[in-house]
Structures are given as structure tokens and as C-alpha cells.
Amino acid sequence: MIIWINGAFGSGKSTLAAGLHGALAGSVVADPEEIGDLLRRTLNEHLGKLRDYQDSPAWRRLTTAYIGEVAEYTGGHVIVPMTVLNPAYAAETFAPLRLSPGLVHLVLHVDPDGLRARIDASEEYPGDEARSEAVRAHRRRAADYAAAAAAWMHADAHLIDTSALTPEAVLDAALTRLLPTHLATADGVRP
């Protein structure tokens with residue numbers, strides 16, 4: 001099973017991925033951002049230098065191949081924490097993954113005020129306010145998420161509204177969605 005965790009920047013995707021990894025036996029976390037970083041470094045001095053690696057068809061093809069190969073190799077659950085806002089990019093990336101071993105698309109939603117508060121409170125680089133603010137500025141692109149949520153994302157996925165939930169409650173909500181039909185926890189227990 002491939003569990004793609006989508007949502008706004010700062011919605012808790014990495015936290016949920018870590019929680020699922022701890023709860024699901026044999027799972028791995030595969031972050032497509034690493035593929036984007038690799039492409040960005042590789043093409044840094046090239047005319048085809050990337051501003052947003054998701055705009056590159058290579059990123060989408062490599063991500064699909066990477067996730068699919070990891071799923072086949074491990075035989076376990078692959079947890080993918082990655083925001084994809086463009087519906088065409090999501091369709092291109094998700095279509096092959098929906099076939100086998102299957103894809104569960106989760107979207108973490110946070111109300112705009114709560115999201116803004118989470119972003120403003122984050123400190124990605126302790127002691128380096130300039131770098132932390134650069135990350136916060138990127139995450140404040142909440143309007144991009146809101147447009148995608150309204151246009152396609154919420155209809156395409158299982159939505160978890162994290163606005164008033166603790167990380168533990170978000171994990172419980174995700175496991176409730178996943179466990180009944182698909183997965184076992186690390187201790188082998190199903191609800």
C-alpha cells in the first residue's frame with residue numbers, strides 16, 4: 001500500500017508520516033522532495049535549471065518510478081509526505097501508483113487561521129532566523145492550497161481536518177481510515 005499524504009505546507013505531513021512509520025509494520029517513508037533536490041543540484045548550472053521541480057516531467061516520472069520500485073522491493077507500506085497542488089501533476093503521478101500495490105491519498109486540512117499560526121510558530125533552522133523565515137514565507141502560499149483543495153484535492157482524497165487535532169489524534173484518524181481494510185500496526189493489531 002502506498003499512502004500519499006498531501007495538504008498545505010505546514011499541515012503536519014511529516015509528523016503524520018513519522019507516526020505512521022512507527023505504527024505500521026514494515027513501512028518506509030519515501031520523500032519525493034529528495035528527488036527534487038537531486039534534480040535541482042544536477043541542473044543547477046544548466047539552462048534547464050528548475051524553479052519548481054514539480055514542473056519538470058522528469059520529477060514526476062522519477063517520483064512514480066521511485067515510489068513504485070520502493071513498494072515492490074520492500075513489499076511493505078510506502079508513506080509519501082508530499083504536497084502536490086497541480087491536478088495534472090497529481091493525475092500523472094498518482095495514476096500508475098493506483099494500480100499496484102494501490103494508493104491511498106490522504107489530505108491534511110487546517111483552517112487558514114490555524115495554518116497561519118502553525119507556520120508563524122515554526123522554526124525550521126533553530127538559531128538561523130533568516131533561513132527559518134524563508135521556509136515560513138514559502139509555506140505561507142496557503143492560497144495555492146486553498147485553490148487546489150476547492151478545485152480537486154478534497155474530492156480526490158480522504159480528508160482529515162487537523163485544525164483542532166493533536167498529532168496523536170491525526171495519527172488515530174489516519175489509522176482508522178487505513179486499518180480496517182488494508183494494514184496492520186507494528187504490533188499486528190487491527191481495530
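## Largest pocket, helix H8 and two single residues

The largest pocket has a volume of about 1,200 Å³. Among the 34 residues that line this pocket, Phe9, Glu33, Thr83, His138 and Arg139 are the closest to its centre. The structure is a predicted model, and the values below are computed from it.

### Lining of the pocket

Four helices each supply at least two residues of the lining of the largest pocket: H1, H2 (33–42), H5 (112–121) and H6 (129–139). The largest share comes from H6, with 5 residues. The make-up of the lining by class is given in the table.

| Class of lining residue | Number in the largest pocket |
|---|---|
| Nonpolar | 10 residues |
| Polar | 10 residues |
| Charged | 14 residues |

### Helix H8

Helix H8 runs over residues 167–178 and has 12 residues. From its first C-alpha to its last, H8 reaches 16 Å, close to the 16 Å expected at 1.5 Å a residue. The buried residues in H8 are Val170, Leu171, Ala174, Leu175 and Leu178. Seen down the axis of H8, these buried residues fall within an arc of 135°, so they line one face of the helix. Glu168 and Thr176 are exposed, and they sit on the face of H8 turned away from its buried side.

What do the buried residues of H8 pack against? Their partners are strand S1 (2–7), helix H1 (13–23), strand S4 (103–109) and strand S5 (158–161). Helix H1 thus appears twice in this account: it is packed against by the buried residues of H8, and it supplies at least two residues of the pocket lining.

### Thr15 and Ser56

Thr15 lies in helix H1. Is this residue buried, partly exposed or exposed? Thr15 counts as partly exposed because its relative accessibility is 48%, and the partly exposed class runs between the cut-offs of 20% and 50%. Thr15 and Val170 are 155 residues apart along the chain, and their C-alpha atoms are separated by 9.3 Å. Val170 is one of the buried residues of H8.

Ser56 is placed in the loop between H2 and helix H3 (57–74). With a relative accessible area of 10%, Ser56 is buried, since buried means under 20%. Leaving aside residues up to four places away in sequence, Ser56 touches Leu39 and Leu50.

Conventions
Residues numbered from 1 in each chain as written. Predicted model: local features only at pLDDT ≥ 70, side-chain atom pairs only at ≥ 80, totals over all residues. Heavy atoms only, no water. Expected span 1.5 Å × (residues − 1). Buried < 20%, exposed > 50% of the residue type's maximum accessible area, 1.4 Å probe, protein only. Arc of directions from axis to C-beta. Contact = heavy atoms within 4.5 Å. 1 Å grid on protein atoms, 1.4 Å probe; cavity = no way out; pocket = protein on both sides within 12 Å on 5 of 7 lines; lining within 4 Å. Points joined across faces, edges and corners; volume = space filled by probe spheres on them. Nonpolar A, V, L, I, M, F, W, Y, C, P; charged D, E, K, R; others polar.
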